[in-house]
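Hello,

Here is the structure I promised to send you. Please have a look at it first, and then read my notes below.

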Amino acid sequence: MTKEEIIEGFIAAGKTLYDRGYASGAAGNMSQLLPDGTVVATPTGSCLGTLKADELSIVDKEGKLLSGKKATKEVKFHLAIYANNPDVQAVVHLHCCYCTAYACLNNLDPHNAIRPVTPYVVMRMGEVPLIPYYKPGSIHLAEDIAKVAAGHNAFLMANHGMITCGKTMTEAVNNAEELEAACKLYFLLKGEEHVRYLSEAEIAELR
């Protein structure tokens with residue numbers, strides 16, 4: 001794909017996330033690798049539903065702004081993912097309701113925060129590590145995500161939200177929707193006495 005095609009799809013992805021209620025106000029951010037090795041990212045304080053091509057931030061792999069408006073302060077963890085997981089071409093970070101609510105729970109498994117009741121998170125993303133809480137934009141977020149980025153396509157951020165990745169922006173967006181659905185199922189089933197979780201053998205088969 002050309003740079004222009006990637007940016008067109010990038011803007012469309014932001015709008016569909018906003019229009020379907022996965023992002024609100026100026027919350028959340030996105031990025032994607034460009035053919036020349038630079039990264040397009042959402043500007044600081046931008047709304048995903050109203051992104052404009054000439055305002056998008058273009059940064060190098062160290063985060064230096066090359067053109068457009070100042071990048072989101074969280075671009076550091078996007079760059080950490082690209083640096084440590086060569087399979088990733090696009091990153092989506094959202095504060096969508098069910099993922100964020102789930103990430104506020106105590107005693108989640110830091111290595112795999114989602115105990116699956118359906119096959120789809122396992123098939124799409126595998127394990128979902130939990131990143132400890134740091135204030136938004138903290139370099140510690142990037143440092144901790146860098147440690148677990150290899151081999152992972154989704155992360156929950158304690159008391160903050162979620163991150164999903166993909167080889168394309170479409171894949172990253174689809175993963176975000178799937179993770180939000182998995183967290184929603186947790187709250188729909190909460191209080192039920194006889195929830196059937198997938199067994200270890202069933203999970204291994206899916207992987």
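**Strand β1 and its partners**

Strands β1 and β2 (residues 39–41) run antiparallel and are joined by three bridges. Within this pair, Gln32 stands opposite Val40 in β2. The two strands form a hairpin with five residues between them, and Gly37 in the turn has a positive phi of about 90°. Before you go further, please keep in mind that this is a predicted model.

β1 also pairs with β5, again antiparallel, through four bridges. Here Ser31 stands opposite Val91 in β5. How many of the residues of strand β1 are buried? Five of the five, across residues 29–33, so the strand is largely enclosed by the rest of the structure. Both of its faces are covered: Asn29, Ser31 and Leu33 are buried on one side, and Met30 and Gln32 are buried on the other.

**The nonpolar cores**

Met30 of β1 turns up again in the largest nonpolar core, which has 38 residues. Met30 is among those with the most contacts inside this core, together with Val92, Leu94, Leu156, Met162, Met169 and Leu179. Which elements give two or more residues to it? They are α1 (3–19), β5 (90–94), α3 (97–103), β7 (154–157) and α6 (169–189). The largest share comes from α6, with seven residues. As a reminder of the background, nonpolar side chains in soluble globular proteins tend to be buried together.

Met169 is a good place to start if you want to look around this region on screen. Leaving aside neighbours within four places in sequence, Met169 is in contact with Phe10 and Ala13, with Met30, Ser31 and Gln32, and with Ala90, Val91 and Val92. Some of these names will be familiar from the strand pairing: Ser31 and Val91 are the residues that stand opposite each other. Another core lies apart from the largest one. This other core has 21 residues, including Val59, Val75, Ile145 and Phe155.

**The loop before β1**

Ala23 lies in the loop between α1 and β1. Is Ala23 buried or exposed? Its relative accessible area is 8%, and with the cut-off for buried at under 20%, Ala23 is therefore buried. Not counting residues up to four places away in sequence, Ala23 touches Leu17, Tyr18, Leu48 and Leu94. Of these, Leu94 is one of the residues with the most contacts inside the largest core. For a sense of distance, Ala23 and Arg115 are 92 residues apart in sequence and 25 Å apart in space, C-alpha to C-alpha.

**The whole chain**

Stepping back, the protein has seven helices and eight strands. Its C-alpha trace spans about 55 × 30 × 30 Å along the principal axes. The radius of gyration is 17 Å, which agrees with the value near 17 Å for a compact globule of 207 residues. Buried residues make up 47% of the 207. Among contacts with a separation of 6 or more, 62% are between residues 24 or more positions apart. The protein exposes about 10400 Å², and carbon and sulfur atoms supply 52% of that.

As for annotation, the unreviewed UniProt entry places "domain: Class II aldolase/adducin N-terminal" on residues 8–187. Over those residues the chain is 35% helix and 17% strand, and the end C-alpha atoms are 36 Å apart.

Best wishes

Note on methods
Residues are numbered from 1 along each chain as its sequence is written. This is a predicted model: local features need pLDDT of at least 70, side-chain atom pairs count only at pLDDT 80 or more; totals for chains, interfaces and linings use all residues. Side-chain values use heavy atoms; hydrogens and water are left out. UniProt positions are given in the numbering used here, feature names are shortened, and annotations may be inferred rather than shown by experiment. A nonpolar core is a set of buried Ala, Val, Leu, Ile, Met, Phe, Trp, Tyr and Cys residues joined through side-chain atoms within 4.5 Å. Buried means under 20% relative accessible area, exposed over 50%, partly exposed in between (1.4 Å probe, protein chains only). Contact means heavy atoms within 4.5 Å. The radius of gyration is taken over C-alpha atoms; the globule rule is 2.2 Å times the number of residues to the power 0.38. Accessible areas come from the Shrake-Rupley method with a 1.4 Å probe; for residues, only the protein chains shown count as cover. Two strands pair if DSSP finds at least two bridges between them.
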